[in-house]
Amino acid sequence: MNVIKKILVPTDFSEYSLAGVEFVNSLIELYDAEVFIMYIVDDTPVLAFHTVDLNSETVLRDAERKAKNDLNEFVHEKIKHPGKFTQVIRRGDAQKEIVKFAEEEDIDIIVMATHGRTG
């Protein structure tokens, strides 16, 4: 019998991603699994204006700090059992970082909701 021990839930804080979180709440009750909720900070180069004294690392660090605050708020406001969720912030391309984390942590299942568009 396959037992789910580790679940990864990527989020973009949207209502669509919340649907995935709600599904995971039922899995937690069934399997008592460890759950990771992940947000990816896009590290695509930012257009900079020469009059603004910001380098890309400063912008990314600020975006990461904001993401941590937003993820914490999302978890505590929207999740039934917030203590069961380990919060993870990564930088990079979402597709690559989700797969990389899943491999590193030996994730059994990744739960993601659709964005609501067809095709």
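How many residues does H1 have, and what distance does H1 reach from its first C-alpha to its last? In this predicted model, H1 has 17 residues and reaches 25 Å between those two atoms, close to the 24 Å expected at 1.5 Å a residue. The helix is a handy starting point for a walk through the chain.

The chain as a whole has three helices and four strands. Read along the sequence, these elements follow the pattern β-α-β-α-β-α-β. Of the 119 residues of the chain, 34% count as buried. Contacts also tie together places that lie well separated in sequence: among contacts with a separation of 6 or more, 78% come from residues 24 or more positions apart.

The four strands form an open sheet in the order S3-S2-S1-S4, with parallel pairing. Strand S3 (85-91) and strand S4 (109-110) stand at the edges with a single partner strand each, so one side of each is left without a neighbour in the sheet. Strands of a sheet pair through backbone hydrogen bonds, either parallel or antiparallel. Here, strand S1 (residues 6-10) and strand S2 (residues 34-41) pair in the parallel sense over five bridges. Within this pairing, Lys 6 stands opposite Glu 34 in S2.

Helix H1 (residues 15-31) packs on the sheet, where it touches S1, S2 and S3. The direction of H1 makes about 165° with that of S1. An α-helix has 3.6 residues a turn, so residues three or four places apart point the same way. The buried residues of H1 are worth finding in the structure with that in mind: they include Ser 17, Gly 20, Val 21, Val 24 and Ile 28, together with Leu 18, Asn 25 and Leu 27. After H1 comes Asp 32, whose phi is positive, near 50°.

What lies in the interior? The largest nonpolar core has 21 residues, and those touching the most other members are Ile 7, Val 21, Val 24, Val 35, Ile 37 and Phe 85. Two or more residues of this core come from each of S1, H1, S2, helix H2 (56-78) and S3. Ile 37 gives a good view of how these parts meet. Leaving aside its neighbours within four places in sequence, Ile 37 is in contact with residues including Val 9, Val 21, Leu 71, Phe 74, Phe 85 and Val 88. Another core, of nine residues, lies apart from the largest one, and among its members are Met 38, Val 88, Ile 98 and Ile 107.

Aromatic rings add a further set of links, with three aromatic pairs in the structure. A pair of aromatic rings is described by the distance of the centres and the angle of the planes. Phe 13 and Tyr 39 are stacked, at 4.5 Å centre to centre and with 10° between the planes. This pair links distant parts of the chain, since Phe 13 is in the loop between S1 and H1 while Tyr 39 is in strand S2, 26 residues apart. Phe 13 is partly exposed, with a relative accessible area of 22%, and Tyr 39 also counts as partly exposed at 22%.

Phe 13 forms a tilted pair with Phe 74 as well, at 5.6 Å centre to centre and 55° between the planes. Phe 74 is in helix H2, 61 residues apart from Phe 13. With a relative accessible area of 6%, Phe 74 is buried. Through ring pairs, Phe 13, Tyr 39 and Phe 74 are linked into a cluster.

Methods
Residues numbered from 1 in each chain as written. Predicted model: local features only at pLDDT ≥ 70, side-chain atom pairs only at ≥ 80, totals over all residues. Heavy atoms only, no water. Pairing = 2+ DSSP bridges. Contact = heavy atoms within 4.5 Å. Axes fitted to C-alpha atoms, helices over the stretch in contact; angles between N-to-C directions. Expected span 1.5 Å × (residues − 1). Buried < 20%, exposed > 50% of the residue type's maximum accessible area, 1.4 Å probe, protein only. Core = buried A, V, L, I, M, F, W, Y, C linked by side-chain atoms within 4.5 Å. Phe/Tyr/Trp six-rings, centres within 6.5 Å; stacked < 30°, edge-to-face > 60°.
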